[in-house]
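This report describes the packing, strand pairing and ligand surroundings of one molecular model. The sequence and structure are shown first.

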Amino acid sequence: MDFVPAIAQTNAEKLAVITHQQYDSPDFLSPTTVLPSPIDQFRAWFTAIQGVVYEPEAMTVSTATPNGIPSSRIVLFKQLDKRGFIFFTNYTSRKSKELEANPRASLTFYWREVHRSVRVGGKVEKVSREESEEYFKGRPIGSRVGAWASKQSTVVGENELAERMEKMKEKFGVKDGDKDGDVPLPEFWGGWRVVPEEVEFWAGKPSRLHDRVRYLRVEGSPDDAPEWKIERLSP
Ligand SMILES: Cc1cc2nc3c(=O)[nH]c(=O)nc-3n(C[C@H](O)[C@H](O)[C@H](O)COP(=O)(O)O)c2cc1C
């Protein structure tokens with residue numbers, strides 16, 4: 001793929017991007033060409049781009065306060081099960097506080113190398129403690145200690161984090177260079193599952209005439225065996 005630099009014109013008044021990227025995916029998205037379940041369709045796309053897309057698991061997670069003030073950040077998608085899409089984070093973070101108060105989220109993936117994007121919207125639930133423990137024990141030791149050290153989303157002094165990290169290493173008996181250790185899952189840390197009510201698949205096309213297919217969950221269909229209405233959308 002050609003790398004087109006993001007040429008920006010900039011002066012004191014304005015910064016302007018003047019490149020026009022072109023997209024040309026070979027996909028043809030329509031209700032008749034996609035799989036009946038968006039979970040299966042996502043699995044097919046995510047599997048197919050392994051080794052092609054760099055860090056395909058990086059996604060934007062958007063949350064909102066109960067009075068509608070949105071915020072977004074990049075988080076790593078970690079698991080997909082028949083109920084939904086799972087990521088892991090600190091339960092006292094800004095995003096988690098917003099999800100507690102308003103349990104809905106939107107996820108967006110953008111896979112530049114294949115000119116594809118996916119959007120997921122739905123309600124959220126915490127995954128079980130056992131699922132979080134299972135995931136946590138597979139993380140590198142440094143990340144496990146780091147989860148204890150960081151009071152995510154709070155203001156922190158310059159040396160505070162390094163000091164807390166040292167304290168936590170001491171608390172759990174972790175030495176520099178250790179590959180493993182007994183670092184339990186903090187009670188303030190774990191997974192969120194986004195249970196989709198809407199999933200959209202996007203494939204980029206020339207002249208901005210992109211393909212879009214949206215799955216809408218049929219109201220009242222169960223979380224673990226949903227039925228879907230599939231429609232093609234204008235770009
Ligand atoms: C590539 C990338 C991956 C990230 N993965 C995670 C993640 O899996 N979990 C997480 O809590 N934060 C992750 N972050 C950090 C978040 O973007 C964010 O800074 C942090 O979660 C605090 O967000 P909040 O204050 O809105 O809660 C990641 C950031 C980047 C750039």
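The sections below treat the nonpolar cores, one helix, a run of strands and the ligand shell in turn.

## Basis of the description

The model is predicted. Local features are reported where pLDDT is at least 70, and side-chain atom pairs count only at pLDDT 80 or more.

## Nonpolar cores

The largest nonpolar core has 29 residues, and those touching the most other members are A105, L107, V118, V120, V194 and F201. Two or more core residues come from each of α1 (38-48), β3 (58-64), β5 (85-90), β6 (104-111), β7 (116-126), β8 (189-203), β9 (211-217) and β10 (228-233). Among these elements, β8 supplies the largest share, 6 residues.

V120 illustrates the packing in detail. Leaving aside residues up to four places away in sequence, V120 touches F85, S106, L107, V194, P196 and V199. A second core, separate from the largest one, holds 7 residues, including Y91, V145, A147 and W148.

## Helix α4

Which residues of helix α4 are buried? In this helix, which spans residues 141-149, they are R144, V145, A147 and W148. Viewed down the helix axis, the buried residues of α4 lie within an arc of 150°, so they line one face of the helix. An α-helix has 3.6 residues a turn, so residues three or four places apart point the same way.

The buried residues of α4 pack against α3 (129-137), α5 (160-171) and β8. Of these partners, β8 is also a contributor to the largest nonpolar core, while V145, A147 and W148 of α4 belong to the second core.

## Strands β3, β4 and β5

Strands β3 and β4 are antiparallel and pair over 7 bridges. Within this pairing, T60 stands opposite I74 in β4. The hairpin of β3 and β4 has 5 residues between the strands, and G68 takes a positive phi near 90° there.

Strands β4 and β5 also run antiparallel, joined by 3 bridges. L80 has F85 in β5 as its bridge partner, and F85 is in turn one of the residues touched by V120. The hairpin of β4 and β5 has 4 residues between the strands.

## Surroundings of the ligand

How many residues surround the ligand? The shell contains 15 residues, of which T89, S93, R94, K95 and S153 are the closest. By class, the shell comprises 6 nonpolar, 6 polar and 3 charged residues.

At least two shell residues come from each of β4 (70-80), β5 and α2 (94-101). The most come from β4, which gives 5 residues. Strand β4 thus takes part in the ligand shell and pairs with β3 and β5.

Technical notes. Residues are numbered from 1 along each chain as its sequence is written. A nonpolar core is a set of buried Ala, Val, Leu, Ile, Met, Phe, Trp, Tyr and Cys residues joined through C-beta atoms within 7 Å. A residue is buried if 20 or more other C-beta atoms lie within 10 Å of its own, exposed if 12 or fewer, and partly exposed in between; C-beta atoms are placed from the backbone. Two residues are in contact if their C-beta atoms, placed from the backbone, lie within 7 Å. A residue is near a molecule or strand if its C-beta atom, placed from the backbone, lies within 6 Å of it. Ala, Val, Leu, Ile, Met, Phe, Trp, Tyr, Cys and Pro count as nonpolar, Asp, Glu, Lys and Arg as charged, and the others, Gly among them, as polar. The arc is that of the directions from the helix axis to the C-beta atoms. Two strands pair if DSSP finds at least two bridges between them.
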